[in-house]
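Reader: Could you walk me through this structure and tell me how each label is justified? I would like to see the value beside the cut-off every time.

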Amino acid sequence: MKSLHELTKNFFDILDLTAASPENADSDEMCFHKALRTFLNGGRKEDAFVVYFCFSEIFKLFGEGYENTKKLLETLSDHEYHSGELLEKHRDHYSHSVYVFALGLAIYANDGEYRRVFNEFYGLSDDGRAACTFLRLWGLVALFHDIGYPFQLAHEQIKTYTNELWRESPDNPFVSFGNLDKFLAIDEKTKEKISDGLRTDRKFDDINALLAYGLKLREGYDEKTVHKKLYDRIVDAPYFMDHGYFSAVILARQLFAAPDFRIDLPRLDVFTAILLHNSFNKYDAPNKHPIAMDEHPLAYLLILCDELQCWDRLAYGKASKRDPIAWDVSFKISNDRISCNYVFDSATIKDENNKTRINKSFGKIQSGEFSGFVGTKEKCKENSDKVFIVSSLVLEADAEEKKKEKRVKLYASDDNFINLCDFAKAIHAGYNERCKKFSGERISEDFAKLPLEFKVSNIEQAKSYAYKLELINCFYSSKDLDYPVIDDFKTSVFGEYGSDNFGFLCREEHLRWVKEKIALGWKYGEEGVDYHSIEERNRLKLHKCLVPYELLSDENKSKDELMIENIIPMLKKLGNNIHVYNYRMGRKPDLVIGGIGHRFFKEKPSDLKSKIIKILKDYDRDYRVIVLTGYAYGADQLIAECANELGLTTKAALPMEYDDYLKFVKQDALEHHVNYTADDEMRLRLLLAQTVVCNVIPDYMSVYNSTSQYIIKRCDKLIAIWDGDELDLFDENRQPKNRGCTYHGVWQARYERGFKDGENLLLVKCHR
């Protein structure tokens, strides 16, 4: 079983974005992959936004990238947030759609049978350009398949309200929609484009006619009957309003309005796939039948992924909250076979009478009912009501109980009132002397010229404000709250006595930037040696500032200072009464975990990493973990690498100056017959660049003695990767020896700090 993050990596391995992004294909692909990976690692709405943004910017299907879709997506998110709790059953659709999108990428990449059918259906070769075509079509289908939900919400609100007052009754009022003729109408110019694109003499007067035509081509459904049903079920629908229909209509209208709009049969398939995914094909389609993979691959995949995506969805509705769905899932995907394992916090719940019963979601999976929406043609004949798609696919689903891990990186700052895209523009303007006065259109035009990587970098910076403020016990909100208001990070008195909050935040911003660059494939390079212009720097992805904060020039430090100085003014410029508040008391307490260990050992690093990561994760739940180590070859670097993978803060204690230490580590490795390469040196540089503090602790007795003492004196707990051999620490004349070795550090922790094995002293066994 693998995580969705692991499975989607295979898609980006085969993707070639050249057709969609000829100038920046590699950079845009890496940026998009990073955005999706970040979302899958946390499931946060703010990270889902970046996935939408990247898709819209790369394919520009709506004309001007994300700008023409943001109202569409933000409206859906706002409606769910404010209206969902009024309903009986409702879960989020904004983040859900990105999960559905990711699941489709995983199936295309790992199920060779589906990929073969899709490529043959659209006349594509099995290569990276075909994957790009799939990404464009599937992205439209998956990311926008629920944008019509506000229409269903309006209907459900009245239904829930009257049902609560008088219980469900055929006499209760319901909401339907009028003025549809104008809403669905297609203008003459668009009619011509549609006919030309579909290579037909037909003229489609409204969107319903276009959808009916698409369903006739793919499903063989009668056009006239479909056209009438699509209209009637919206103007007279007492029990159910189909958001799938409205999603297809809204997406069509949005695409029709794009300046370079064109339509072909694959794009028409996008609309009909969205239409079919919810209720039309289950209840109202004439001569309805389950969707087969080879008759409509996009509809087939959307129905499959929409049903499988039943984990980590925020519950808004009252009934939805009573039966929690899975909080995690793992998959095994191969040709014509998908195995899923859903993880629940508990298989049982307490009902309204305080009696224990099986969680409905858990029960459906265990009973096999959940898998019943997929079947063969034979199964379809036996029980067509429960079969939504038909193929040779074998779907296996299982459920297990596992205590839900505490969510980390959740902050009190109120992101619901922040437009991240506008915030990112303001950040960019803050760096641009020409736009100091935030002059409206000029900011948007300037931002639009940036490559995708730098647009997303500004968005990531905006997203990081909540995290940075949390580190100094602050948060932002548009609500008037009874907390101290912070107006200036330099002069406001808050936090611990004598603390330099401004300097602290500057370091954190540099660290965020470093981690972002490394994740996108950037490496350290010297200006004037490795690159000679900004254009060459960006092309080669080399940067002189990928160093610890202490090594930055004053000029480069000023860029981080500008960002921190601008936080409060920018929040105010965005309006919405946003203030930065100070908690009256601290949040998560700090926990410093030191790291020492042998430089050379026999174990595979991956075997030791799993043990180190488990230790760090256990403490990360309740503390803000800070990992302090000496960055020597071997154990030190391995511990730091684990901390970075978990997003923990790292600090370095070096026994000599930075450049001298880089040379020493290399020479030390070579003397021990280790093939120390340029990649090894770059790895150390980038590890050190990700430290929030990089101190030099000179040592004149032995190389690592002072740094080891420095670490052990300052840590609350110590990880030691040690072979267990207790060496002599004094010679026959009682003179110190073996100072700075791993055992000496273990001895100091035990006898000078009073650390106990398994409690403060966390030993990881290795062999030398």
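**Labels and their cut-offs**

Reader: Why is R233 called buried?

Author: R233 has a relative accessible area of 12%. Buried means under 20%, exposed means over 50%, and partly exposed lies in between (1.4 Å probe, protein chains only). The value of R233 is under 20%, so R233 is buried. Before we go on, this is a predicted model: local features need pLDDT of at least 70, side-chain atom pairs count only at pLDDT 80 or more, and totals for chains, interfaces and linings use all residues. Residues are numbered from 1 along each chain as its sequence is written, and side-chain values use heavy atoms, with hydrogens and water left out.

Reader: What makes R233 and D284 a salt bridge?

Author: Their side chains come to 2.7 Å, N to O. A salt bridge asks for a side-chain nitrogen of Lys or Arg within 4 Å of a carboxyl oxygen of Asp or Glu, so this pair passes. The two residues are 51 apart in sequence, with R233 in helix α12 (residues 223–235) and D284 in helix α15 (residues 280–284). Helices here are DSSP runs of H or I with at least four residues, strands are runs of E with at least two, and both are numbered from the N terminus. As for D284, its 24% falls between the two limits, so D284 is partly exposed. Elsewhere, salt bridges with shared partners join R44, E46, D47, E460 and K463 into one network.

Reader: How many salt bridges are there, and where do R116 and E113 lie?

Author: The structure holds 41 salt bridges. R116 and E113 both sit in helix α6 (residues 112–121), three residues apart, about one turn of the helix. Their N and O atoms come to 2.6 Å. R116 has 37% relative accessible area and E113 has 23%, so each of them is partly exposed.

Reader: What does the salt bridge of D205 tie together?

Author: D205 and K191 meet with their closest N and O atoms 2.9 Å apart. D205 is in the loop between α10 (188–198) and α11 (207–219), while K191 is in helix α10, so the pair ties together parts that are 14 residues apart in sequence. At 10% relative accessibility, K191 counts as buried.

Reader: On to rings: how do you know that F177 and F246 are edge-to-face?

Author: There are 41 aromatic pairs in the structure. For F177 and F246, the centres are 5.1 Å apart and the planes meet at 65°. Rings of Phe, Tyr and Trp (its six-membered ring) pair if their centres lie within 6.5 Å; planes under 30 degrees apart are stacked, over 60 edge-to-face, and the rest tilted. This pair meets the distance limit, and its angle is over 60, which makes it edge-to-face. F177 is in the loop between α8 and α9 (180–184), and F246 is in helix α13 (residues 243–256), so the contact ties parts 69 residues apart. F177 counts as buried at 18%, and F246 is buried at 0%.

Reader: And why are W722 and Y743 called stacked?

Author: Their ring centres are 5.7 Å apart and their planes are at 20°, so the pair is stacked. W722 belongs to strand β18 (residues 717–722) and Y743 to helix α31 (residues 742–751), 21 residues away. W722 is buried at 7%, and Y743 is buried at 7% too.

Reader: What makes β2 and β3 a strand pair?

Author: Strand β2 (residues 328–334) and strand β3 (residues 337–344) share seven bridges in the antiparallel sense. Two strands pair if DSSP finds at least two bridges between them, so seven is enough. D328 stands opposite V343 in β3. The two strands form a hairpin with two residues between them, and D336 in the turn has a positive phi of about 60°.

Reader: Which strands are at the edges of the sheet β9-β13-β10?

Author: That open sheet of three strands has antiparallel pairing. Its edge strands are β9 (474–477) and β10 (485–486), each pairing on one side only. β9 and strand β13 (residues 579–582) share four bridges, with Y581 in β13 as the partner of F475.

Reader: Last one: what makes Y161 exposed?

Author: Y161, in helix α8 (residues 149–166), has a relative accessible area of 52%, over the 50% limit, so Y161 is exposed.
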